[in-house]
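Trainee: Could we go through this chain together, starting from its overall layout and ending at single residues?

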Amino acid sequence: MPRVSKYAVFHQGLSLGEHTYEFALDDVFFENYGGEIKRGDCKATVTVAKTANLLSVHTVIEGKAQVSCDRCLEEFYMPVFFDGTLVVRFSYDREGYDLERVGDTDDEILWLSPDIDAVDLEEYLYESVYLSLPMQKVHPEGECDPDMLARFVRVSSDEEDDEDGQEEFE
Ligand SMILES: [Zn+2]
């Protein structure tokens, strides 16, 4: 039985039509998830449209997430904006939480066993925040921590010294 987080939508009792949920993706959310993002402050607005045989989950996430700068390693906040749709389909044949990209749309499909009465969005929400960030996470030009940058210069010359030392030792 999969663990159900507080970011779950219990769909079995829902009436057909649209239902809107708001989730706070705060520091506790990011800490508990245990991914690369350790802190954040985002609001996720999730609109679930239920039809007879599927759920269409439209998610908008806005806020900020703390990441480590690729250049100076200092933590800083980047803006987060995500807008996407997850389609949940039900089948006994397609167990688990496999997300599939569908054709040339941005929609993803989550296959759930009809026995599972909740759609746990925790992983989807985290991944959506992460994917909304650029590949290269660096401070805007000129905002890197100069002390940290200077320390890297020192570290790399220390490494050279070590190599020299090893040669002498041999
Ligand atoms: Zn930086």
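The exchange below moves from the fold to the core and then to one exposed residue.

Mentor: Keep in mind that this is a predicted model, in which local features need pLDDT of at least 70, side-chain atom pairs count only at pLDDT 80 or more, and totals for chains, interfaces and linings use all residues. Residues are numbered from 1 along each chain as its sequence is written.

Trainee: What pattern does the chain follow along the sequence?

Mentor: Helices (H or I, at least four residues) and strands (E, at least two) are DSSP runs, numbered from the N terminus. The chain has three helices and eight strands. Read in order, the pattern is β-β-α-β-β-β-β-β-β-α-α.

Trainee: How many bridges link E3 and E4?

Mentor: Two strands pair if DSSP finds at least two bridges between them. Strand E3 (40–50) is joined to E2 by nine bridges, antiparallel, with Tyr21 partnered by Val46 of E3. A hairpin of three residues leads from E3 to E4, and Cys42 stands opposite Gly63 in E4. E3 and E4 also run antiparallel, and their bridges number 11.

Trainee: Which element gives the largest share of the largest nonpolar core?

Mentor: A nonpolar core is a set of buried Ala, Val, Leu, Ile, Met, Phe, Trp, Tyr and Cys residues joined through C-beta atoms within 7 Å. The largest one has 27 residues, and Leu25, Cys42, Ala44, Val88, Leu125 and Val129 touch the most other members. Two or more residues come from each of E2, H1, E3, E4, E5, E7 and H2. The largest share, five residues, is from E4.

Trainee: Which residues of H2 does Leu25 touch?

Mentor: Contact requires C-beta atoms, placed from the backbone, to lie within 7 Å. Helix H2 (residues 122–132) has Tyr124, Leu125, Tyr126, Ser128 and Val129 as its buried residues, and these pack against E2, H1, E3, E4 and E5. Leaving aside residues up to four places away in sequence, Leu25 touches Gly40, Cys42, Ala44 and Gly63, as well as Leu125 and Val129.

Trainee: Is Lys6 buried or exposed?

Mentor: A residue is buried if 20 or more other C-beta atoms lie within 10 Å of its own, exposed if 12 or fewer, and partly exposed in between, with C-beta atoms placed from the backbone. Lys6 is in the segment before strand E1 (8–10), and its C-alpha is 8.0 Å from that of Asp120, 114 residues away in sequence. Because Lys6 has 9 C-beta neighbours inside 10 Å, Lys6 is exposed.

Definitions and conventions:
Two residues are in contact if their C-beta atoms, placed from the backbone, lie within 7 Å.
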